[in-house]
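Work through the following exercises with the sequence and the 3D structure open beside you. Try each task yourself before you read its solution.

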Amino acid sequence: HAVVVPVPENPISQNLLKAVMLEVPPVPNLSAEGLATTAKKVFNEAGLQDEQLEGIGWDGEYVKKGVKGKLLDLLYVFGMNRDEMDIWITQVWEPAHQLELTTKDIKSDPLFAWFVDHIQILNDTTNILGIGKGLEQSIEAAEEVGEKFYKLRNMSDTRFSAYFEGSISNFEKRNETNIAALRKRTESTDKKVKEKASSLLNKICNKQFFLLNLGILDIYRLLGSVSSLLQTVEQFPWDIPKRQDELLDQLKKMMTLKLCVDEQGEVQEVDQSLWERLGEKLEDILDDQYVSVQTVLSPGGRRMGRTGDDISKSQAILATVENRLKSLVKNLVVNLEKRLKNNPTPGVIMDMKKCLDLQDILDIEETEDARESRKRSLNSLLQKATYDELSVKHISEQYEVFKERFKDMAAHDGEHKEIVKRFEHLIFKTHSCTSECDRDCTQKRKLVSPRVPEVMKFLHLFLKEQ
């Protein structure tokens, strides 16, 4: 059990929101009532009052068991009845877990037996090369082929997408080591080890496996990066659905993948902004140049051109890879959309987004229509919070003052320009180097132009100065 609390006293260089671990209590009663009782007990024993509870994020089992309803039965919040508490105290299925479950949905679908088999190949390779003699021979193989040694990791069903991506990435980074080490394992005196290593070599050393592995890596690199963002403490509740929508948009763009070879044997270019590793290595794999030990695939050495037979074989491989990757992406979208539809973002959070999204306040010109829309959302929010009429009037007035002061602080030549200048490298986005940057990138840590505010940092500074 943990709570997230704002700590304005923190320096600007630290986070405004902080996760505080409370306790990992024994749970003798796993019923909805028992889980609710334990959660409330931990919360109150940390010195927190019932009225300080604003929202809950937990595992899906709690959602399915209806633990929130049992918790509401135990809470006392002055001025709120149970129905009003149900609206105001939000419940969210932990979003990174939601994302991870879409992979489990895919793996349970018979249409994706190939995907399950692919994962099994990676795990079997990890098992035979990850411990004992296999690990020893992997280290030797890495030295022999001149690769940095990366430790293989099993792709567990209980890990989030970021771990899943890391497992595939480590496997891909040491392809030459894997093949060289498996060759060593085929010389084992243990018949089972020898047969297993030979079988894995045959499964790994083919173009379709390499292409699928890179495509899956690109998909899970995206899912892994979003999963990490979803687990970030330093964000607003309405940032979660925003990130989920952005992920769905990106996945839908990936569904346009087209892999083909023309009559001259030229490979159609792949959009590397969507399929980075697949697009980068596609031609190398088709030309048997992906890894130096890929001579297993082309005993005669490098081809200087592609015959009609070569092109036909490449087309067949590419058609299979394209179909499988597009189908995987499509079904990830379908399953994620279904899960989000079944567990939508609470209405209170969406009301908050419409009137309290600081990025929108800074970016969107406040026309009369926009002003009225925000006012309606704020009124809806205040009603759900059960404020009285006088409080609603006062908060509404202060809301208008807050917007003007906040925009003024973000302005380049506003009243607080000296303070903003002092903290600009913390409160505005700076250049983050990518693989496309030179080693001595001149833009490293420089402010992005035009300036892009880090809204949470701006809020932190605002709370300190105002």
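Helices, meaning DSSP runs of H or I with at least four residues, and strands, meaning runs of E with at least two, are numbered from the N terminus. The model used in these exercises is a predicted one.

**Exercise 1. Describe the protein as a whole, and state how confident the predictor is in the model.**

Solution. Begin with the elements: the protein has 21 helices and four strands. Next take the extent of the C-alpha atoms, which fill a box of roughly 85 × 60 × 35 Å along the principal axes. Then turn to the surface, where about 25,000 Å² is exposed and carbon and sulfur atoms supply 50% of that area, while 45% of the 466 residues count as buried. Among contacts in the protein with a separation of 6 or more, 69% are between residues 24 or more positions apart. Finally, the mean pLDDT is 88, and 93% of the residues reach 70 or more.

**Exercise 2. Find the stretch in which pLDDT stays under 50, and decide how to read it.**

Solution. The stretch is residues 294–305, for which the model has 21 contacts beyond four places in sequence. Where pLDDT is low, predicted coordinates should not be read in detail, and it is with this caution that the contacts of residues 294–305 should be taken.

**Exercise 3. Classify the ring pair formed by Phe171 and Phe209, and say which parts of the chain the pair ties together.**

Solution. A search of the whole structure finds 14 aromatic pairs. In the pair chosen here, the ring centres of Phe171 and Phe209 are 6.1 Å apart and the planes stand at 65 degrees, so the pair is edge-to-face, since planes over 60 degrees apart count as such. Now locate the two residues: Phe171 belongs to helix 8 (residues 161–173) and Phe209 to helix 11 (residues 207–230), so the pair ties together parts that are 38 residues apart in sequence. For the last step, recall that buried means under 20% relative accessible area; Phe171, with 1%, is buried, and Phe209, with 4%, is buried too.

Other rings can be treated in a similar way. Ring pairs link Phe112, Trp114, Phe115, Phe164 and Tyr220 into a cluster, and the charged end of Arg153 sits over the ring of Tyr163, 4.5 Å from its centre.

**Exercise 4. Describe the phi angle, the location and the accessibility of Asp288 and of Thr386.**

Solution. Start from the general rule that most residues other than glycine have a negative phi. Asp288, which is not glycine, has a positive phi near 60 degrees, and Thr386, also not a glycine, has a positive phi of about 60 degrees. Asp288 is found in the loop between helix 13 (276–286) and helix 14 (308–342), and with a relative accessible area of 7% Asp288 is buried. Thr386 is found in the loop between helix 17 (368–384) and helix 18 (389–410), and at 27% relative accessibility Thr386 counts as partly exposed.

**Exercise 5. How many disulfides does the model have, and are Cys205 and Cys355 buried or exposed?**

Solution. A disulfide requires two cysteine sulfur atoms within 2.5 Å, and by this rule the count comes to zero. Cys205 counts as buried at 9% relative accessibility, and Cys355 counts as buried at 1%.

Conventions
Residues are numbered from 1 along each chain as its sequence is written. This is a predicted model: local features need pLDDT of at least 70, side-chain atom pairs count only at pLDDT 80 or more; totals for chains, interfaces and linings use all residues. Side-chain values use heavy atoms; hydrogens and water are left out. Rings of Phe, Tyr and Trp (its six-membered ring) pair if their centres lie within 6.5 Å; planes under 30 degrees apart count as stacked, over 60 as edge-to-face and the rest as tilted. Buried means under 20% relative accessible area, exposed over 50%, partly exposed in between (1.4 Å probe, protein chains only). A charge sits over a ring if NZ of Lys or CZ of Arg is within 6 Å of the ring centre and within 35 degrees of the ring normal. Contact means heavy atoms within 4.5 Å. Accessible areas come from the Shrake-Rupley method with a 1.4 Å probe; for residues, only the protein chains shown count as cover. pLDDT is the predictor's confidence in each residue, from 0 to 100.
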